[in-house]
Amino acid sequence: MIAAISNSGFGRAFSTPLGVIAGGFLILLVVVALFAPWITPFDIALQDLDNRNTAPAWPHLMGTDEFGRDVLSRVIYGARTSLSVSATAIGISVTVGMILGAAAGYFGGMFERAVMTVVDLTWSFPDILIALIFVAILGPGLTSTMFAIAIAYLAQFTRLTRAQIVRLKQETFVEATINLGASPIHIVFRHLLPNALAPVIVVAMLAIGDGIVLEATLGFFGLGAQPPTPSWGAMMSSGTAQLFIAPWVIILPGVAIAITVIAVNLFGDELVRALDIRDRLRGS
Amino acid sequence: MIIKYSIQRLLMIIPVSLSISVFIFLIVHMLPGDPIDNLIRVGSSPADRIALIAKYGLDQSLFKQYIIWIGRIFTGDFGDAIVLRRPVADLIGQNLPYSLQLGALAFAFSSIVGLILGITAWAARNSWVEQVVKGFILLGSTVPGFWLALLMILLFSVTLGWFPVSGAKTWSSIVLPVLTIGFGGIALVARVTRVALLDVAREDFITLLHAKGLSRPVILFRHLLPHALLPVVTILALRIGWILGGAVTVEFVFGRPGLGSLLIRALGQRDYPVVQGCLLMLALAVMLGTLIGDITQAAMDPRIREASK
């Protein structure tokens, strides 16, 4: 497994100090999110009303919130919410986007025009607006946040996949396969998509970073994770009332978001370099 | 030539805006809940309810409702807000100036500073200055807007006491929102400018100009920038719509009136006509931005004009 990763080109992203730091941080974050129940120093729901809004100090390394709950423990659990919501949403987005984009690029004609018109329409709107509209339709909560994020970034993957497929279709090996009488399904799934995969994976990775920010923004508006579910955005939303007396409740989850998204972007850049796909990302 | 292209491009707006209006109309009618629920008084009879539904035309077929809605919009009538009980056009008219003011200032600020930073980073490539600008670009494009807004309030309003925390009563209340929206914008413009300059600098004709012995400033301002500005102009034009959209979070945190706060409030109250009106205005802004971008690009680049013939 490890050998497979290091041979695939993805492993080469770890060949620079920056790649090791950013990638290492992301791996650490995933591990922390997975093992949150064993790592958190306090129960996330435990209210300690004698210790409300205490500043960061031992034993509450990130202080406590308005109910005396440990902020560090909630930030750790928040990583769980943010990462899983964003990753699932982008997973949906990538799957649907690749199918739409591949079909549009392969079949062309009226179908391509119809798909791309709708996609370009959503593409021209700010992601937060699209997400807001869909959360309004589906109602607040984590599931609708997930779908809203998936829809907000759908255009990106459809455009990217279509551009790859259109480019690949002109290659000799694809023409040869078509002339040999292969079925469209065989050509798309065995020859076109595998070759279009690398840029999509890198863009998906970067989009997970954007998804985390979008999830936090919806949570901050009170439209995402509902209390008492710990989420970075929702924590800041309830923290605004204590902005003046307990600023750490707002600052620290924000720092967690910022560091995570920066790590995602740095590692994404390293992947682009390692896989040598900068030109292919531009075409869409 | 450019006039012909502009007219062609303007005509394309018609089908696009019609499809956007259908899209917005349908989306808004998929919103759950019923605005009549917010309006009806406790203890009123089903007949009252039917009367209210008829009054706002909600008993007509969807197609008919759409035709009525779009027909009125051409006369400047966006309908009446169901919950706020005022003409939507009035509400938009009242809030739009705040959004335009904020958007225009943030746009100008981020474009100018972004361009300067991008050019500086390119001119000082392979030095610590480039690294600093690259770090800033990374920060600016990752930090969530609402969090930055809260940090600004903490630092400049609470700790330093320079600017008011919220509202739009004094001129100084616009400084922090502009800085917040501008932060991300500067990063975007600086990034696109820097990459465009790096791209153009690799072309053969630039090497030739160096070989001819032209000075670096002449090459930068006479030859490099005019080419590099093409993608920058596209991004800037696209940002006209994005700034209005991105202002949603910032208007909310700073408690400023504006199209964004109006939209958020209306979404919560399921006030269909207001949501439709706001979305339509934002969509128009986005389209206008793309249009301006395309025409400027065609004016700057003969290749695009020729291709459209």
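Here is a short tour of a predicted model, from chain A to the place where it touches chain B and on to a helix pair in chain B.

**Stop 1: chain A on its own.** Select chain A and colour by secondary structure. You should find 13 helices and zero strands. Walk along from the N terminus and every element you pass is an α. Now turn the chain to look along its principal axes: the C-alpha atoms fill a box of roughly 75 × 45 × 25 Å. Of the 284 residues here, 47% are buried. If you like contact maps, take the contacts in chain A between residues at least 6 apart in sequence; 69% of those join residues at least 24 apart.

**Stop 2: the nonpolar core.** Bring chain B back and go for the largest nonpolar core, a set of 157 residues. Good places to start are the residues with the most contacts inside this core: A131(A) and I149(A) from chain A, plus A149(B), L263(B), V275(B), C278(B) and L282(B) from chain B. Next, highlight helix α10 of chain A, residues 184-220. This helix gives the core its largest share, 19 residues.

**Stop 3: where A touches B.** Keep both chains on screen and select the residues in contact between them. How many residues of chain A meet chain B? The count is 28, and they are in contact with 26 residues of chain B. To see where the chain A side comes from, colour α6 (127-138), α10 and α12 (248-275) of chain A, since each supplies at least two residues. Of the helices, α12(A) gives the most to this side, with seven residues. Recolour by residue class and the chain A side splits into 21 nonpolar, seven polar and no charged.

**Stop 4: a helix pair in chain B.** Hide chain A and pick out α5 (residues 88-123) and α12 (residues 272-300) of chain B. How do their axes lie? They come within 10 Å and cross at roughly 45 degrees. An angle between 35 and 65 degrees counts as oblique, so α5(B) and α12(B) are oblique to each other. The crossing is right-handed.

Now show side chains where the two helices meet. On α5(B), select V88(B), L91(B), I92(B) and L96(B); on α12(B), their partners are P273(B), V274(B), G277(B) and M281(B). By class, the residues of this contact are seven nonpolar, one polar and no charged. The polar one is G277(B), because Gly counts as polar here.

Terms used
Residues numbered from 1 in each chain as written. Chains lettered and ligands numbered in written order. Predicted model: local features only at pLDDT ≥ 70, side-chain atom pairs only at ≥ 80, totals over all residues. Axes fitted to C-alpha atoms, helices over the stretch in contact; angles between N-to-C directions. Helix = DSSP H or I, 4+ residues; strand = E, 2+ residues; numbered from the N terminus. Parallel < 35°, antiparallel > 145°, perpendicular 65-115°, else oblique. Left-handed = near helix turned anticlockwise from the far one by under 90°. Contact = placed C-beta atoms within 7 Å. Buried ≥ 20, exposed ≤ 12 C-beta atoms within 10 Å, placed from the backbone. Core = buried A, V, L, I, M, F, W, Y, C linked by C-beta atoms within 7 Å.
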